[in-house]
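Hi,

Here is the structure we talked about, ready for you to open. My notes on the interior follow below it.

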Amino acid sequence: MPAFFSDGGMLKESEKIEAFVYFWLFKLAGSKICRYNNLVFYFRRHLMKKVVCILVFLIAFSFLLTGCSKKQETKSESIETETSVATVKKPEEMVYAIVTKSEGNRYNELEAEGYQKVIEEFGATCIVAHPKSTTAMEQVRLIEKLIEEDVDAITVAANDADALDDVLKKAQEEGILITTVDSNVNPDYTSLFINQVDTKTLAQTLLDAVYDISGGSGQWAILSASSMAPNQTAWIKQMKDLMKEDEKYKKLDLVEIAYGDDLDQLSKNQATAILQTYQDLKVICAPTTVGCRAAAEVVADTETKCLVTGLGLPSEMDDYIADEGPCPYMYIWDSEQVGELAAYATLALMKDELVGMEGHSFTAGDLGKFTVQENEDGGAEIVAGMLLRINKNNIDHWKNVM
C-alpha cells in the first residue's frame, strides 16, 4: 500500500485490497487526493453497482444456456431485482441532515436555512440539528441519533476536529455519506469539506485589519469561540505564523487569546477582563460573530479607546459600526450561501455527479461552478468564496440580508 494513502486505521484486510484497486484507478485518472472514504463511497455506489448488475445478468444468462431449473432462474432474477431496488432511491425517500455548532446562534441558523432550502427543493427531507451547547459531546449525541434514524447523509460543522472520529466512522460504516461545512474534521471521516473561505486569506485579512486600525503597532487581543473549534484554531495559528514571518507586523503585540465559547455572556465577561488587564489595548479581534458583537457592546459601554474588528453579522453590528463607533469595519461571508453550497455538494456526491477528489468540478445551482482542491490536512475541499468587508457605507444594505 502506498505510504501516502491514508486509511485512518479503519480498514479490514479485504477493504485495503478494495481501496488499493480504487487508489490506482484514481492515480491513473490523475487525482492526487486518494482516501478510502472518498474512493469506496464512489465506487460502491456508482461503479460497483453496475459491475454487480452485469455479473448477475451474466450468471442468469449462463443458467439459461445450461438449462438450469426454473427455481434457480427465479432466484437469480430475484437477486437482480433486489440489487437494482437497493441502490436506487427516489428524492422523496431520502433524508439529509445538518448538524450545526450550537443553537441560538444566528450565523448557524442562516447556514442551516440555506442547506435546508436546497435539500427540500430537491424533494428530499432535511433534518436540522442544533446542539444545545458548543461541545463535541452534544454533537456526538445528535449524530448517534441520526444514525439510528438511518439518514442518507450528514453534514457537520464540527466543534472538535478529533472528538467526532468514532461516531463519524460508525456513520460511514452504516453507509451514510459524511460532509463537513464551516469547520472541518479529520479528513478520513469526511468525503468533502465545504470551506467558507481560504484559511490563509482570512488570517491575512484579519491581521491586516488589526494592523490598520492599530496604526501598525501596540497591544491587541483575540476573542475567539472555542479553543477546540477547528476553524478558529486554524485561523489563529495562521495569524500568529504571519506575524512571525513578516516584518511588517513586528510592532504588533498579541497579548492574549481568550475564549468565549460562542456564548454571549461569557464572551462579554472575557472582553471585560481583557480591557481591565490591558489598559493600553488598541484592538480586540474576534473571528466569531458572537464574540465580535459581545466585544463591541462591552467597548461601547466603557470609556476605552480600544476598537473592535473581526467577523460579525451586519444585523447584529448595526449599532456599533460608525465613524465614532467601536467597530470601524469587519468582515463576513454569506453564511446562508455557504449552507446552500454544502447542500448542493452533498447532493452531487449522492447523485454521483461529483467525487471528492482534487480537480473534479460540479455546478451548484445559481451559485455557479466549483472545483475540488486539496486542503492543508490533505483532504478534499471546495471554497465558497470571497470575504465581504462591512463598514458604515454598506451596512444598511447587508443588515437586511444577514
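Keep in mind that this is a predicted model. I started with the cysteines: there are 0 disulfides in the structure. Cys-292 is unpaired, and the nearest cysteine sulfur, on Cys-327, sits 5.1 Å away. A disulfide would need the two sulfur atoms within 2.5 Å, so that pair doesn't count as one. Cys-292 is also buried, at a relative accessible area of 0%. Cys-306 is buried too, with 1% relative accessibility.

Next, the packing. The largest nonpolar core runs to 84 residues, and Tyr-96, Leu-192, Trp-220, Trp-333, Phe-362 and Ile-382 have the most contacts inside it. The top contributor to this core is helix α12 (residues 335-350), with 9 residues. There's also a second, separate core of 20 residues, including Ala-97, Ile-143, Leu-146 and Ala-158.

Trp-333 is worth a click. Not counting neighbours within four places in sequence, its contacts include Tyr-107, Asp-182, Gln-196, Trp-235, Val-338 and Met-402.

Then the voids. I get 4 cavities of 30 Å³ or more, and the largest has a volume of about 150 Å³. It is lined by 17 residues, of which Tyr-107, Asp-182, Gln-232, Thr-288 and Thr-289 are closest to its centre. So which residues turn up in both places? Tyr-107 and Asp-182 are in contact with Trp-333 and also line that cavity.

Helices α4 (106-122) and α8 (230-245) each give at least two residues to the lining, with α8 supplying the largest share, 3 residues. By class, the lining is 7 nonpolar, 7 polar and 3 charged.

Cheers

How values were computed. Residues numbered from 1 in each chain as written. Predicted model: local features only at pLDDT ≥ 70, side-chain atom pairs only at ≥ 80, totals over all residues. Heavy atoms only, no water. Core = buried A, V, L, I, M, F, W, Y, C linked by side-chain atoms within 4.5 Å. Buried < 20%, exposed > 50% of the residue type's maximum accessible area, 1.4 Å probe, protein only. Helix = DSSP H or I, 4+ residues; strand = E, 2+ residues; numbered from the N terminus. Contact = heavy atoms within 4.5 Å. 1 Å grid on protein atoms, 1.4 Å probe; cavity = no way out; pocket = protein on both sides within 12 Å on 5 of 7 lines; lining within 4 Å. Points joined across faces, edges and corners; volume = space filled by probe spheres on them. Nonpolar A, V, L, I, M, F, W, Y, C, P; charged D, E, K, R; others polar.
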